[in-house]
Amino acid sequence: MNRRITLVVLSAVTLVAPSVGAQALPCADAYAESAEALISSIRVADMPESSAMLMERMVRLSVVSVERGNSSAALTHLRVAEDTLDRDLRRGRIDEVTAESLRAQIEQLRAMLGNCTATPTLLSFNCRSGDGENELLWLTPPGSHVATKVLYRTDAYPQGPSDSAATEVGTFPGAPSEIGRANHGTLANGMRYYYAAFALDSSGEFSPARYTFGRPQSRAGAFRWSYTAGGVTSPSVGGLPDDFMTASSTGFVFALEHADDGGFWPTGFIPARVPVPAAARPISLPGWATPTGEPWVLISSLEGRVWAINAATGATVWTSPNLEGSIEASVCAMLTAGGGFDDIVMVGAGEGNRGNRFIGLDLTDGSVLWSFDNGGGRDRIGAIRQMCTVDYARDRVYFTSEAARSGSRDTVWALSLEVGAVSKVWSENHPDVNTSLVLSGDAIYAGTSFGEVIAIDVADGSSRWSRPYSTGDGPVDGFVFPGSSGRLAFSTSNRVHLIQDVGPSPVSLWQPPVSMPDPNTPILVVDDVYVTDADGNVYALDASVAQPTVAPFAAFGDPAKRASPGLPFFHATSRLYAVGTAEGVLYVVKAP
């Protein structure tokens, strides 16, 4: 699972990363959006995998060319994609209907390059799906916007504002820089509806399209709603008392009401735009924990910055300086409101095997308080790809890194936090750690790429168990989830495990572990373990018995177009369980 997620993240970076030292074409944003729609269609098309990979790569390269202002190179990449399609059609490797649908989307990209004007597009266009209906939400552009035209099809995305095969949802008057909303109801549950929206300016010109899709689903069972955030990574979720917070690889951060009938933008909230957000959980801070008294969300960006967004309005509170390297993980924070001695936001940044640093930022304004690189040079830190963990009882922070190829081989680090400074307490080489660290009492738990769980003593970083707990079933996914009485839940390639730390070595509480296809990170809530699998099922496994019943209570996603689930989120008060998929859709179900 981890390998697939890494590939998807790289795809997202290619699509949205800004170019350096070049002037993007005026239609770059709209072109990237249309390219994402085409890539989504390629991924679900019944065609040879090698051809799909080549076409997807060519479309990505065309986006890069547009970002660099080179329309000629973009056209060349599109021609290679179309030639690949034509070859497969001639050889009978793809049916004619599918080929023509993909060709129409390629032609639309080509037409956009031929008329690449600065006519502003909608800034955001998204779909919330419920029972028999899709609710469409958008943000109009500044300037001379007067109306938004929305079309839909059920076989492919509409091809332009005059697509004869499309049906009009409506043309909706609206002023610049405001939120638009339209209900598309009386729809067939289980059917996909593909939408295109076009901004109309005062001169009568339509903008390039923005795209989204929705799939209504019956609420007779556990399903409550879904939200198409867009992009090509699974949207991860953070939570506030009244809202979910989620970020899309398209560069937008959304607040979504998390009621049973939620999924809408809260009143007064306007989606925030963040360049290249990381595929990591947004970290939400309630109003009592922030300097302004309003809720915030902290977003990591692959372009090397941290963003603080007002979660009530969508306004940017602050942006950190460029931290000189990509940031892949969520931040962690020490908060005075939570009992800490200072307000510090912490995260790792760097460039693979070199220049990696662990950095502390001032929560008030995002300025750099300190930076730790273990001295650099021959002692440099390896890449930091996981979220850090704060220890309030000891004024410490713990994080993991890869073993540096030409630097320190240590992978687990403990730093002492001081006012305006930081110092190393210890670091140890625990091989192949691939998850975030979880602190519980005097122990730190982590999973490895070899399917082991390790327990680390907070005092000196040594192993607490005589040997790691070994599963023999592939990498541990996400992180180890702690519960009461030393219980730990985690997933590997094809199993979900529940173990208990009883001192020198752990014991397995489920014998045998629960088998399911490619489960993701479980969530342990009292005596229930919630987990999803790659087949689109959600389970509640009984943590109080040795052999729990394995039966799903909910299904999510499109059975015909399976997409890998991402990191889940559980809201204890509402008992709503949220999980995103690699199609850029967030699904919300009600736990039993």
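Begin by selecting helix 2 (residues 28-44) together with helix 5 (residues 96-114) in this predicted model. Their axes come within 10 Å and cross at roughly 170°. Helix 2 and helix 5 are therefore roughly antiparallel to each other, an angle over 145 degrees being counted as such. The crossing in which helix 2 passes helix 5 is left-handed.

Next, display the side chains where these two helices meet. From helix 2, select Ala 30, Tyr 31, Ser 34, Ala 35, Ala 37, Leu 38, Ser 41 and Ile 42. From helix 5, add Leu 102, Gln 105, Ile 106, Leu 109, Met 112 and Leu 113. Which classes of residue make up this contact of helix 2 with helix 5? Eleven are nonpolar and three are polar, while no charged residues take part.

**A second helix pair**

Move to helix 3 (residues 49-67) and helix 4 (residues 71-90), whose axes come within 7 Å and cross at roughly 165°. That angle makes helix 3 roughly antiparallel to helix 4. The crossing of helix 3 and helix 4 is left-handed.

To view the contact, select Ser 51, Leu 54, Met 55, Met 58, Leu 61, Ser 62, Ser 65 and Val 66 on helix 3. Helix 4 contributes Ala 73, Ala 74, His 77, Leu 78, Val 80, Ala 81, Thr 84, Leu 85, Arg 87 and Asp 88. Colouring the contact of helix 3 with helix 4 by class gives eleven nonpolar, five polar and two charged residues.

**The sheet of strands 4, 3, 6 and 7**

Leave the helices and select the open sheet of four strands in the order 4-3-6-7, in which the pairing is antiparallel. Strand 4 (167-173) and strand 7 (210-214) are its edge strands, each pairing on one side only. On average, neighbouring strands of this sheet are turned by 20° against each other, direction ignored.

Now isolate strand 6 (residues 193-201) and strand 7, which run antiparallel and are joined by five bridges. Which residue in strand 7 does Tyr 194 stand opposite? Label Phe 213, which faces Tyr 194 across the pair. As a general point for viewing the backbone, strands of a sheet pair through backbone hydrogen bonds, either parallel or antiparallel.

**The sheet of strands 21 to 24**

Go on to another open sheet of four strands, arranged in the order 21-22-23-24 with antiparallel pairing. The edge strands here are strand 21 (389-391) and strand 24 (421-428), and each of them pairs on one side only. Neighbouring strands of this sheet are turned by 25° against each other on average, direction ignored.

Within this sheet, select strand 23 (residues 412-418) and strand 24: they run antiparallel, and seven bridges join them. Label Leu 417 and then Val 422, its bridge partner in strand 24.

**The disulfide**

Finish by showing the sulfur atoms of the cysteines. How many disulfides does the structure hold? There is one, formed by Cys 332 and Cys 388, with sulfur atoms 2.0 Å apart. The link of Cys 332 and Cys 388 is left-handed, with -110° about the S-S bond.

Trace the chain outward from each cysteine. Cys 332 belongs to strand 17 (residues 332-334), whereas Cys 388 lies in the loop between strand 20 (368-372) and strand 21. The pair links distant parts of the chain, 56 residues apart.

Methods. Residues numbered from 1 in each chain as written. Predicted model: local features only at pLDDT ≥ 70, side-chain atom pairs only at ≥ 80, totals over all residues. Heavy atoms only, no water. Axes fitted to C-alpha atoms, helices over the stretch in contact; angles between N-to-C directions. Parallel < 35°, antiparallel > 145°, perpendicular 65-115°, else oblique. Left-handed = near helix turned anticlockwise from the far one by under 90°. Contact = heavy atoms within 4.5 Å. Nonpolar A, V, L, I, M, F, W, Y, C, P; charged D, E, K, R; others polar. Pairing = 2+ DSSP bridges. Disulfide = S-S within 2.5 Å.
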